[in-house]
Amino acid sequence: MDEQATPQRTTRVLIVGAGFGGIAAAIELRRHGITDVTILEKGSDLGGTWFYNSYPGAACDVPSHLYSFSFAQRRDWTRLCSPQQEILEYLHQVAREHGVAGLVRTGRTVTACRWEEAACTWTVETACGESWEAEALILATGQLHQPHRPKIEGAETFAGHSFHSAEWDHSYPLAGKRVGVVGTGASAVQFVPEIAPEVARLTVFQRTGNWFLPRRNPPYPKAARTAFRMIPGLQALRRRFVFEYGESLTAMIRHPRTLGLIGRARSSAFMRAQLKDPELRRRVWPDYTFGCKRILFSSLFLPTLQRANVELVSDAVTAISPQGILDSSGRTHELDCIIWGTGFKTNDFMLPMAITGRGGRELREEWAAGAHAHLGICVPHFPNMFILYGPNTNTSGGSIIFYLETQVAYVRQALQQVAARGAAAIEVRADVEAAANRALQHRFAGTAWTECDSWYRDGRGRIVANWPGYMREYLAQAATLDAAQFEFASLPERTAAAGV
Ligand code: NAP
């Protein structure tokens with residue numbers, strides 16, 4: 001619902017972001033009787049990642065039987081890995097079915113959140129001039145949200161058109177154009193095969209090669225769809241299988257010298273079969289441990305590189321001129337359009353929002369040496385504030401929705417603890433958070449994640465994006481909130497009334 005901004009509003013729980021995380025949180029809270037919930041969303045509709053990323057071929061490479069809420073399972077997915085539009089429709093449907101779609105206030109970019117010590121509330125300001133007051137704040141803006149455009153000399157002089165994959169310009173016709181794509185990550189490998197047939201020439205600029213595994217993803221045959229619909233337990237079995245497959249990927253990443261070699265051999269065989277030209281194969285081949293960066297699932301990308309109108313450039317992008325892109329060999333690639341498939345500002349999390357906690361502490365400063373939070377959710381000195389898909393909760397072998405569901409149940413327990421104690425605020429103990437964070441970082445030792453540079457790391461090389469283990473480990477640690485790990489605060493008048 002987009003409506004006229006009014007200056008001051010109150011709500012018990014304020015959620016920032018209406019993607020999978022924000023919607024899951026609202027559903028969980030309402031189910032447990034916390035109904036005064038508002039979701040502020042900067043976009044013009046709910047959906048988060050699946051609202052913004054509408055590039056051709058956008059889909060989730062995690063099969064939908066797992067990339068879906070456990071409480072809203074579907075038997076009618078059209079294919080193994082659903083396209084963006086199907087996932088977006090699913091999220092809309094779930095939000096409607098659970099009565100939370102109407103809680104979303106769109107067109108609200110949150111600029112600042114401030115903890116009010118005396119009142120034990122959060123004041124949240126939006127770019128449209130609203131101010132909200134809430135007892136609890138849930139930040140559900142995700143890790144892959146702010147598009148990253150590398151600073152390249154001369155970028156502003158380019159005479160053609162350009163846009164980022166997460167802000168696809170559907171009004172710009174690519175047909176017959178000379179197009180350059182910078183980046184070969186999970187997004188680019190999905191849209192490059194889609195646009196290659198329609199453009200005149202496609203130049204793909206690769207900085208680092210990737211490990212690939214197959215993904216054809218045709219629509220389910222009718223028989224499979226009927227079987228999912230008719231056979232009780234089949235869809236649950238499928239979900240279980242995909243879960244265990246995800247855990248096996250994590251096992252390969254955790255054990256690069258043993259299990260990881262199996263994944264590497266599988267990927268090598270697949271890539272060799274796809275790349276007939278030995279020179280192209282040499283240039284595409286990754287030079288790092290299998291699983292260190294995101295493993296890419298595509299059976300279409302490598303064949304696309306071998307089309308007559310496609311060229312892979314593995315020389316570095318050094319500058320941009322009005323005509324196109326200059327590479328480190330001194331060649332200029334003349335282009336009509338540059339598409340940035342260069343990912344996201346992953347270390348910023350929900351920044352650039354200014355978030356001020358207890359004692360005037362700025363989250364930006366607290367995280368100056370790298371983001372950290374207890375289970376990715378709670379930060380010391382920031383009472384009643386909870387992050388979804390926060391630091392160290394990204395997955396390299398699983399479904400982020402599994403993590404989100406675990407996190408929203410944890411947040412709900414935190415709010416229940418506050419209510420049960422007649423307290424006003426809950427805050428994770430700094431010693432607990434620091435010890436957990438040390439243990440978590442220790443868990444990365446010996447894993448593939450440590451063996452190259454990737455978006456999982458911050459500027460100092462610390463891995464801040466990923467969870468270092470299995471989905472089941474995260475569940476084991478976060479399923480039940482341990483109240484002893486927290487401090488509770490009461491409002492002075494409540495304390496006095498209780499005779500404390
Ligand atoms: P990404 O994985 O971060 O890839 C960015 C690409 O841009 C990389 O190839 C990177 O090269 C390249 N790049 C960055 N700066 C560059 C520069 N200055 N010059 C040349 N190349 C540069 O971004 P993404 O593809 O948007 O995907 C981000 C994440 O979103 C994924 O890892 C995944 O978690 C998620 N995602 C998921 C799906 C899905 O199906 N589930 C689909 C799309 C995205 P380097 O490798 O050398 O850094």
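These are my notebook entries on the aromatic rings, one arginine and the cysteines of this structure, which is a predicted model.

**Entry 1: aromatic pairs**

I began with the rings and searched the whole structure, which gave me 24 aromatic pairs. I picked out Tyr55 and Phe191 for a closer look: their ring centres are 5.6 Å apart and their planes stand at 65°, so I noted the pair as edge-to-face. Tyr55 belongs to the loop between α2 (49-52) and α3 (84-97), while Phe191 belongs to helix α4 (residues 188-195), so this pair ties together parts 136 residues apart in sequence. I also checked burial for both partners. Tyr55 is buried at 7% relative accessible area, and Phe191 is buried at 0%.

**Entry 2: a cluster, and charges over rings**

Next I looked for rings that group together. Phe20, Trp50, Tyr67, Phe69, Phe71, Trp77 and Tyr90 make up one aromatic cluster. Phe71 also has a charged visitor: Arg31 lies over its face, 4.4 Å from the ring centre. I found a similar arrangement at Phe488, where Arg421 lies over the face at 4.0 Å from the ring centre.

**Entry 3: Arg457**

Which side chain of opposite charge is nearest to Arg457? I found Asp453, at 4.4 Å; Arg457 is buried yet has no salt bridge. The cut-off for a salt bridge is 4 Å, which is why I did not count this one. Arg457 sits in the loop between α12 (430-442) and α13 (471-478). Setting aside neighbours within four places in sequence, I listed its contacts, among them Asn347, Trp449, Cys452 and Arg462. Cys452 led me on to the cysteines.

**Entry 4: the disulfide**

How many disulfides does a search of the whole structure find? I got 1. Cys292 and Cys452 form it, with their sulfur atoms 2.0 Å apart. The torsion about their S-S bond is about -105°, so I wrote the disulfide down as left-handed. Cys292 is in the loop between α8 (278-284) and β11 (296-297) and Cys452 in the loop between α12 and α13, so the pair ties together parts 160 residues apart in sequence. Buried or exposed? Cys292 is buried, at 0% relative accessible area, and Cys452 also counts as buried, at 14%.

**Entry 5: cysteines without a partner**

Last, I checked two others. The closest cysteine sulfur to that of Cys60 is in Cys81, 6.8 Å away, which is too far for a bond. Cys60 is buried, with 7% relative accessible area. Cys120 is in no disulfide either, as the nearest cysteine sulfur, that of Cys378, is 16 Å away. Cys120 counts as buried at 10% relative accessibility.

Terms used: Residues are numbered from 1 along each chain as its sequence is written. This is a predicted model: local features need pLDDT of at least 70, side-chain atom pairs count only at pLDDT 80 or more; totals for chains, interfaces and linings use all residues. Side-chain values use heavy atoms; hydrogens and water are left out. Rings of Phe, Tyr and Trp (its six-membered ring) pair if their centres lie within 6.5 Å; planes under 30 degrees apart count as stacked, over 60 as edge-to-face and the rest as tilted. Helices (H or I, at least four residues) and strands (E, at least two) are DSSP runs, numbered from the N terminus. Buried means under 20% relative accessible area, exposed over 50%, partly exposed in between (1.4 Å probe, protein chains only). A charge sits over a ring if NZ of Lys or CZ of Arg is within 6 Å of the ring centre and within 35 degrees of the ring normal. Lys and Arg count as positive and Asp and Glu as negative; His and the chain ends are not counted. Contact means heavy atoms within 4.5 Å. A disulfide is a pair of cysteine sulfur atoms within 2.5 Å.
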